[in-house]
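The exercises below are meant to be worked with the sequence and the coordinates open side by side. Please attempt each task before reading its solution.

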Amino acid sequence: MLGTAGAGWAVYNKLDGNITKDTDAAAELARYEKERPTPLVHDAQNILLIGSDTRAGPANKKYGRDPGTQRSDTTILLHLAADRQSATAVSIPRDVMVDIPRCRRPDGSRTRAQFAQFNWAYEFGGTACTIRTIEKLTRIRIDHHVVIDFAGFKDMVEAVDGVEVCLKTPIRDKDAKVKLAAGRQTLNGEQALGYVRARKSIGNGSDTDRMDRQQQFLAALVNKVRSNDVLLNPAKLYPVLDAATSALTTDPGLASLRDLYELVRGMRNIPTERVQFLTVPRRSYVYDTNRDELVEPAADELFTRLRTDAPLQVSRKKAAETAREDADDSSDDESDESDEKPDDRSPTPSPAPTFRGNTAAGTACK
């Protein structure tokens with residue numbers, strides 16, 4: 001018994017020690033506490049997931065020259081409902097034009113406040129600058145953040161023995177260093193990284209298409225990790241935990257195995273149809289077609305729903321099409337009610353708004 005307990009404690013300490021704690025970002029955010037949004041709903045959580053395109057380190061240098069800087073290749077705002085019955089992951093386009101506040105550079109100097117593309121915030125001032133930019137844009141308080149680089153992403157995929165995707169057409173992208181055949185297949189870490197990074201050779205070459213593909217892959221990864229084959233098999237679970245903790249840089253509030261476990265435990269019972277993925281409503285920037293701008297009032301409505309922990313829905317159809325169908329259904333329902341219950345004047349709750357997106361259940365290979 002003592003031997004088993006000792007081995008368990010050693011494993012716990014190893015995993016706990018794997019996590020990199022981002023104290024610099026925490027200190028910088030503390031300096032601007034007065035300007036940060038106030039949380040509105042107790043127990044709801046908003047976690048910023050950042051994929052860094054850094055080429056630093058031996059595992060990342062193969063993807064390009066290391067200029068000593070990095071940008072946020074992928075940024076996702078993950079909202080966990082207070083009742084933990086839903087999770088909503090919102091992709092923030094890297095090229096969307098936003099107001100970036102004055103931020104602290106790694107050398108201690110300060111940038112000027114400016115209107116620029118979103119992923120510059122990470123280059124200017126790292127995680128803290130990105131969080132302050134997001135909070136200024138959305139008025140949503142970011143409770144935690146997680147940063148992962150190319151090597152960490154690959155390690156996560158390898159730890160679950162690959163992730164299954166279904167490709168409608170072959171993919172051959174020299175820039176992303178990926179070549180895949182059409183059809184159902186399981187991607188290893190290197191293939192998965194190329195798949196989520198590829199852009200120019202797939203679809204219309206837009207970042208929107210790439211974000212859709214990233215969301216589909218993350219949904220497949222969620223399904224793989226949640227499967228009994230991983231969670232109930234210690235031989236498979238340990239490599240996943242080892243890879244996850246080694247790959248992550250987090251705020252101090254998540255920088256322990258216990259904190260991460262509590263977070264995952266709160267999410268494990270969310271039905272896959274309530275794990276939602278979408279991209280903030282955007283369109284080409286009016287002054288530069290290579291940049292994006294938010295579509296209003298749709299973007300503000302989305303941020304308001306997340307900020308107040310109000311429900312929302314996603315659909316593969318355009319939001320406008322779904323809204324028209326919901327309105328037609330509502331009219332039919334009202335007609336039926338008027339025939340059957342003419343004296344019933346109880347208010348009918350407004351339907352949750354629908355945004356273009358998908359769910360973890362809707363991205364599985366059929």
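**Exercise 1.** Does R282 count as buried, partly exposed or exposed, and what is its relative accessibility?

*Solution.* The model is a predicted one, in which local features need pLDDT of at least 70 and side-chain atom pairs count only at pLDDT 80 or more, whereas totals for chains, interfaces and linings use all residues. Residues are numbered from 1 along each chain as its sequence is written, and side-chain values use heavy atoms, with hydrogens and water left out.

Step one is to fix the classes: buried means under 20% relative accessible area, exposed means over 50%, and partly exposed is what lies in between, with a 1.4 Å probe and protein chains only. Step two is to place the residue: R282 has 25% relative accessibility and therefore counts as partly exposed.

**Exercise 2.** Find the salt-bridge partner of R282, and then describe the pair formed by R283 and E293.

*Solution.* A salt bridge requires a side-chain nitrogen of Lys or Arg within 4 Å of a carboxyl oxygen of Asp or Glu. By this criterion R282 pairs with D292, with 2.6 Å between the closest N and O atoms. This pair links distant parts of the chain, since R282 belongs to strand 14 (residues 282–285) and D292 to strand 15 (residues 288–294), 10 residues apart; helices (H or I, at least four residues) and strands (E, at least two) are DSSP runs numbered from the N terminus. D292 is buried, at 7% relative accessibility.

The side chains of R283 and E293 also form a salt bridge, at 3.0 Å from N to O. R283 lies in strand 14 and E293 in strand 15, so this pair ties together parts that are 10 residues apart in sequence. R283 is partly exposed, with a relative accessible area of 43%, while E293, at 17%, counts as buried.

**Exercise 3.** How many salt bridges does the structure hold, and which residues are linked with E33 in a network?

*Solution.* The count for the structure is 12 salt bridges. The network joins E33, R36, E135 and R141. Within it, R36 bridges to E33, and the closest N and O atoms of this pair are 3.9 Å apart. R36 is buried at 11% relative accessible area, whereas E33 is partly exposed at 36%.

**Exercise 4.** Locate the disulfide and state which parts of the chain the cysteines join.

*Solution.* The search criterion is a pair of cysteine sulfur atoms within 2.5 Å, and over the whole structure it returns one disulfide. The partners are C103 and C129, whose sulfur atoms are 2.1 Å apart, and the link is right-handed, with 75° about the S-S bond. C103 sits in the loop between strand 5 (97–100) and strand 6 (114–117) and C129 in helix 3 (residues 120–138), so the pair ties together parts that are 26 residues apart in sequence. C103 is buried, at 1% relative accessibility, and C129 is likewise buried, with a relative accessible area of 1%.

**Exercise 5.** Where does R84 lie, and what surrounds its side chain in place of a salt bridge?

*Solution.* R84 is found in the loop between strand 3 (72–80) and strand 4 (87–91), and its phi is near 55°, a positive value in a residue other than glycine. R84 is buried yet has no salt bridge, the nearest side chain of opposite charge being that of D43, 6.3 Å away; for charge, Lys and Arg count as positive and Asp and Glu as negative, with His and the chain ends not counted. The side chain of R84 does, however, reach the backbone oxygen of D43 at 2.7 Å. Leaving aside residues up to four places away in sequence, R84 touches D43, A44, Q45, G266 and I270, where contact means heavy atoms within 4.5 Å.

**Exercise 6.** Describe the backbone at D161 and at the peptide bond from E296 to P297.

*Solution.* D161, in the loop between helix 4 (150–159) and strand 8 (163–167), has a positive phi near 65° although the residue is other than glycine. D161 is exposed, with a relative accessible area of 53%. The peptide bond from E296 to P297 is cis, with omega near 10°, and P297 is placed in the loop between strand 15 and helix 10 (298–307).

Terms used. A polar contact is a pair of N or O atoms within 3.5 Å; within protein, one must be able to donate a hydrogen and the other to accept it, and residues adjacent in sequence count only if both atoms are side-chain atoms.
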